[in-house]
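Welcome, and please open the model in your viewer. We will walk through it one piece at a time.

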Amino acid sequence: MVNTRAKLQKFNTTMKLCFSEAAMADSDHLATQSGALIGSNDDLLIQILLRLPVTSVLRFRSVSKHWRSLLSQQHFTLLYNKVSISPALFVSNLYIPFDVQNQSRPPFRNLDFYPDICGIRIVQSCNGLLLCCSKKGHQRVRKYYVFNPTTKQFALIPSVPGGMDVRKTIRFMGLAFHQTGCVHYKVVCIHVVKPDGLFKIQIYSSDTRKWKISDQSFYAPYYTPLRYGVFMNQAIFWAPSCDNPSYFKLDTHELKSLPLPSVGVYGDGGMLLYFGESRGHLHLVETADWGETHLHLNVYEMLNDHSGWFLKYAVELDELLHAYPQMINSYQDPSSPRYYEFELFDVVRGEEEDETFMVIKIPGKIIRYNVVYKSFKQIFDLSHLHDISYGRIGHSDVHRYIENLASF
């Protein structure tokens, strides 16, 4: 009886093992069939890959030529941007996402890609590439780099021709790169000639690896600062900082006049706080009026034909002041533009109108302010940080690194 029972148990164990092996074989067969089905269906494969982090997508480019081609197509990269884009900026080496509910991993953690004894800071971001330069030192010895955070590749830009006399008078360096148009990038340099205030333009191309002097030039006061380089619609714009502001079209090498909003940033107008691009729209933000509180801001948007501006949003930050009274600098006169301490980092256009927000730094904090609902929330606490340097990265660039096939 005992032997019979033992034989039955052994028989049952054997049968279970056989069934288990058969099931595993069937499972492997089904998995192979499923894998083949997914691999042969680009639409299904794309839907799966869209939900992966950027590091995984980049790694999967090496699976096959078919996958590399698929993941490099504009159709996929545009879809991936729409699904995964997470606006953010860097404060020193800290990655600060604007969406505290959807904190994705940073594309890089520091700028130690090149041993520059002066350190490296971000000058401008452009569709996933970064223009960087030496953090310290005089302009005449400053080095410039283009850095691709996706591949961790970088290029040291050759010195601007003309010797020390040109390099020490550089007023502007801007990056132009569009991942869907060309794998090459350009760097635009504007320098001034003493003593007459003639500003000249030179363009470096990663294709030719040479600088070219443009025939275009313009006059402005010698110490005019040209700030906030923005590349959009095949043109480099710089923030209005002189009486005849301009922008430079890279496709035709034309210098065009940049009109100002009707109120303007000169004369009786307010103070320029921000100049940048979001979702293909150029924005300019200034205080509403010198005679009003400096907490009232006008957000202007440029017309599509670049012929002028219109008032997109009128923003009042009074409620923000009530919540954060530390914005008041009691050492300043209330009429002074420095009476309220805040800095506008970014204007971020949402997919829907009511999703548009500003990113504002106040003493010790970074705030996200919805311009439609006038609601706000803290997204980062700066109070524990010291000696902070801000490396501002365009919100639309932080997760576009997957698109980069830039030539280095």
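Is Cys-126 buried or exposed? Cys-126 is buried, because its relative accessible area is 3%, under the 20% cut-off. Cys-189 is buried as well, with a relative accessible area of 0%. If you are wondering about sulfur bridges, a search of the whole structure finds zero disulfides.

Before going further, keep in mind that this is a predicted model. Across the protein chain the mean pLDDT is 78, and 74% of the residues reach 70 or more. Confidence is highest in strand β9, residues 198-205, at 95, and lowest in helix α1, residues 2-39, at a mean of 48. Over residues 14-31 the pLDDT is below 50, and this stretch has zero contacts in the model beyond near neighbours in sequence. Residues 391-405 also have a pLDDT below 50, but here the model shows 76 contacts beyond near neighbours in sequence.

Now let us turn to the sheets. As a reminder, strands of a sheet pair through backbone hydrogen bonds, either parallel or antiparallel. One open sheet holds four strands in the order β15-β16-β17-β18, with antiparallel pairing. At its edges stand β15 (272-278) and β18 (309-316); each has a single partner strand, so one side of each is left without a neighbour in the sheet. From one strand to the next, the twist in this sheet averages 20°. Take a look at the edge strand β15: with β16, residues 281-287, it forms an antiparallel pair over six bridges. Here you can find Leu-272 opposite Glu-286 in β16.

Another open sheet has four strands in the order β19-β20-β21-β22, and its pairing is antiparallel. Its edge strands are β19 (343-348) and β22, each pairing on one side only. The twist averages 20° from one strand to the next.

Within this sheet, follow the chain from β21 into β22. Strand β21 covers residues 365-370 and strand β22 covers residues 376-381, and the two pair in the antiparallel sense over five bridges. To trace the register, start at Tyr-369, whose bridge partner in β22 is Phe-376. Then move to Ile-367, which has Gln-378 as its bridge partner in β22. The two strands form a hairpin with five residues between them. What is the phi of Lys-374 in the turn? Lys-374 has a positive phi of about 60°.

Note on methods
Residues numbered from 1 in each chain as written. Predicted model: local features only at pLDDT ≥ 70, side-chain atom pairs only at ≥ 80, totals over all residues. Heavy atoms only, no water. Disulfide = S-S within 2.5 Å. Buried < 20%, exposed > 50% of the residue type's maximum accessible area, 1.4 Å probe, protein only. Pairing = 2+ DSSP bridges. pLDDT = per-residue confidence, 0-100. Contact = heavy atoms within 4.5 Å. Axes fitted to C-alpha atoms, helices over the stretch in contact; angles between N-to-C directions.
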